[in-house]
Amino acid sequence: MSGGVRSGRRRTPVRAGRGMSREPDFFEDLRRVGALKKGLLGGRPADHPLSKIPEAQVSRDTIGAWLRGERFPQRLEPLLSVLGKIRVEAASQNLLNNPADGVSGESIAELLAEDRWREKWTVEQRRRTQSNQKDAEREQARRVLADEERWVRRAALADRPRPVRSWTPKRLGVHPAIPGHPAGPDGAGFVLPAYVSRPHDDRLHTRLAAAVTDSTSLLVVVRGESCTGKTRTAFQALTAVPDDFHLLFPADADSLLAMLAADALGPRTVLWLNEAQHYLDGPAGEAAAAALLRRLDTDGPFIALATLWPDRDKALTTTPTAGKDDAHRQARALLAQADYIHLPPSFAAHLDTVRHMALRDASLAAALETGGTDVTQVLAAGPDLVAHYEHTDGPHGVYGKALISVAMDAYRLGITGPLLLAFLHDAAPGYVTDSERAAADPDTWFSDALTHARTLIKQIIRPLQDVPNPPGWEHFPTWSALPTISNCMAAELASTSAHPPPSGTPPPTGSPIRTTSSTSPTPLAAGTGSATPHTSTVPPSTPEAPPPRDGWRRCGRRPETSAEPNACIAPPPRPETPLR
């Protein structure tokens with residue numbers, strides 16, 4: 001007797017669990033007992049009374065499934081108690097010596113013998129255990145093979161996965177911060193200040209930890225304006241991910257598509273999408289969005305961690321008006337499944353925490369010296385603001401740097417208010433060399449220099465900015481001012497950044513500049529030497545620069561920068577006096 005056939009007669013198949021063959025005699029005998037109870041015994045005892053046997057403690061449906069040969073009893077004693085009651089019923093009807101059926105030649109007593117069922121249950125239990133073990137081994141082998149194949153495909157990718165803890169904040173796109181003080185003579189390199197946790201950090205950490213625990217797939221979008229800490233927030237959230245996770249950081253939409261096509265984003269991986277608009281825009285972005293949405297429907301734990309600016313998020317998620325092409329249909333569908341973490345624009349509600357941590361962190365302390373609540377903006381924009389000043393490029397950079405130097409020297413001399421553009425124009429010649437003055441175009445140098453000095457850094461700050469007109473929306477066209485962060489840098493300039501005019505014409509004397517705040521500037525003709533109650537004059541000579549200190553470095557000096565000049569304020573009309 002072997003397999004599912006006995007004496008040339010095919011047995012009725014029965015269910016015994018997924019992927020599991022079983023020795024048929026045990027279940028065939030159960031069906032024979034069921035047929036006996038239903039036939040010769042007239043359905044007695046019924047399944048309901050059998051379920052009430054103290055030794056059984058199983059449901060009526062379970063007993064019915066046993067006697068139909070559909071379910072294996074996990075414990076022997078309940079089965080023996082049910083069979084014992086059926087044997088008692090057969091004995092009460094004097095049927096124990098009758099044939100159990102017309103085929104086997106066994107008596108009812110032999111069919112219901114307790115020793116028979118102990119042996120058969122033990123054999124079947126052993127067979128099932130061995131079968132389960134083999135199934136588990138086959139499943140493990142399948143997973144190992146699948147993992148090996150996945151790693152082969154990953155190895156062929158241009159942007160390969162790496163252990164999550166091996167990624168540095170700099171490599172993942174976190175902005176370097178101003179180093180504070182003291183810094184080394186060559187700057188502080190990449191500075192990562194202490195992290196100030198806020199309520200949204202707790203929500204993000206909890207969401208990621210739940211995805212790991214529940215083995216689910218998750219897309220999180222950290223949304224906020226420029227330099228509000230999106231990437232740093234996402235980087236800190238990686239602490240919720242176990243050390244054995246791997247992180248993949250595609251270079252562009254094509255790289256993301258290659259990862260998805262290679263099935264490289266398997267369980268226990270993090271997909272890093274800093275500035276997610278770069279991956280979701282255009283035809284390749286639409287294809288990547290559709291493929292990533294399908295990935296979110298499969299096995300986890302898998303986490304896609306993205307950052308987005310509000311305007312880019314709006315562009316990707318807004319439904320076009322009727323009749324217009326829907327360029328972001330797939331991206332919109334993907335982002336609709338995302339968990340959003342919205343970052344506040346400032347630390348206004350958490351300044352006490354920042355102050356407390358600034359006692360032990362020089363970068364935070366330097367950021368607080370600006371007096372504002374835009375802590376992350378100061379931390380992130382400082383290095384590029386310094387780089388824009390120190391590493392001039394283009395034909396107009398040296399003249400723009402001269403204007404910024406004039407404004408910072410004025411601040412160091414105690415002039416904290418806005419400056420007349422005419423004053424900047426007349427003082428700038430003292431901050432360039434003779435050859436640089438000779439190369440200047442008398443018709444355009446000042447407007448071009450002002451454009452350079454008003455370059456937008458990190459989309460949030462300009463070295464020189466317009467002076468707003470309090471009663472209205474416009475600005476004063478003939479005035480300019482240092483932003484607060486530039487005041488911080490000017491307050492303690494190093495000798496390499498602040499110096500007396502290098503050569504040639506000294507800064508003009510008697511040029512009017514504001515020294516106090518008022519509702520509006522008081523314009524004066526440059527070089528008149530006169531002053532009104534809201535102006536004062538520069539002393540006849542430029543004082544010696546203060547001893548070298550670390551002000552520039554604490555406010556953002558670093559050896560390598562990545563300034564990002566963008567849109568500029570239109571320069572005011574060119575002054576009548578050219579650079580000569």
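This passage describes one pocket and two helix contacts in a predicted model.

The second largest pocket encloses about 640 Å³ of space. Its lining comprises 22 residues. Asp147, Arg150, Gly266, Pro267 and Asp299 lie nearest the centre of this pocket. By class, eleven of the lining residues are charged, six are nonpolar and five are polar. Helix α6, spanning residues 114-155, gives the most to the lining, with eight residues.

Helix α6 also packs against another helix. Its axis and that of helix α4 (residues 76-92) come within 11 Å and cross at roughly 150 degrees. Angles over 145 degrees count as roughly antiparallel, and α4 and α6 are therefore roughly antiparallel to each other. Their crossing is right-handed. On the α4 side, the contact is made by Leu76, Glu77, Leu79, Leu80 and Leu83. Glu114, Trp117, Arg118 and Trp121 make the contact from α6. Six residues of this contact are nonpolar and three are charged, with no polar residue.

A second helix contact joins α9 and α11. Helix α9 covers residues 253-261 and helix α11 covers residues 282-296. The two axes come within 9 Å and cross at roughly 35 degrees. This crossing is left-handed. From α9, the contact involves Ala253, Asp254, Leu256, Leu257 and Leu260. Helix α11 contributes Ala284, Gly285, Ala287, Ala288, Ala291, Leu292 and Arg295. The residues of the α9 and α11 contact divide into nine nonpolar, two charged and one polar.

Terms used:
Residues are numbered from 1 along each chain as its sequence is written. This is a predicted model: local features need pLDDT of at least 70, side-chain atom pairs count only at pLDDT 80 or more; totals for chains, interfaces and linings use all residues. Side-chain values use heavy atoms; hydrogens and water are left out. On a 1 Å grid over the protein atoms alone, a cavity is a set of points where a 1.4 Å probe fits but cannot get out, and a pocket is an open set with protein on both sides within 12 Å along at least five of seven lines; lining residues have an atom within 4 Å of a point. Grid points are joined across faces, edges and corners, and a volume is the space filled by probe spheres set on the points. Helices (H or I, at least four residues) and strands (E, at least two) are DSSP runs, numbered from the N terminus. Ala, Val, Leu, Ile, Met, Phe, Trp, Tyr, Cys and Pro count as nonpolar, Asp, Glu, Lys and Arg as charged, and the others, Gly among them, as polar. Axes are lines fitted to C-alpha atoms, for helices over the stretch in contact, and angles run from 0 to 180 degrees between N-to-C directions. Angles under 35 degrees count as roughly parallel, over 145 as roughly antiparallel, 65 to 115 as roughly perpendicular and the rest as oblique. A crossing is left-handed if the near helix is turned anticlockwise from the far one by less than a right angle, and right-handed if clockwise. Contact means heavy atoms within 4.5 Å.
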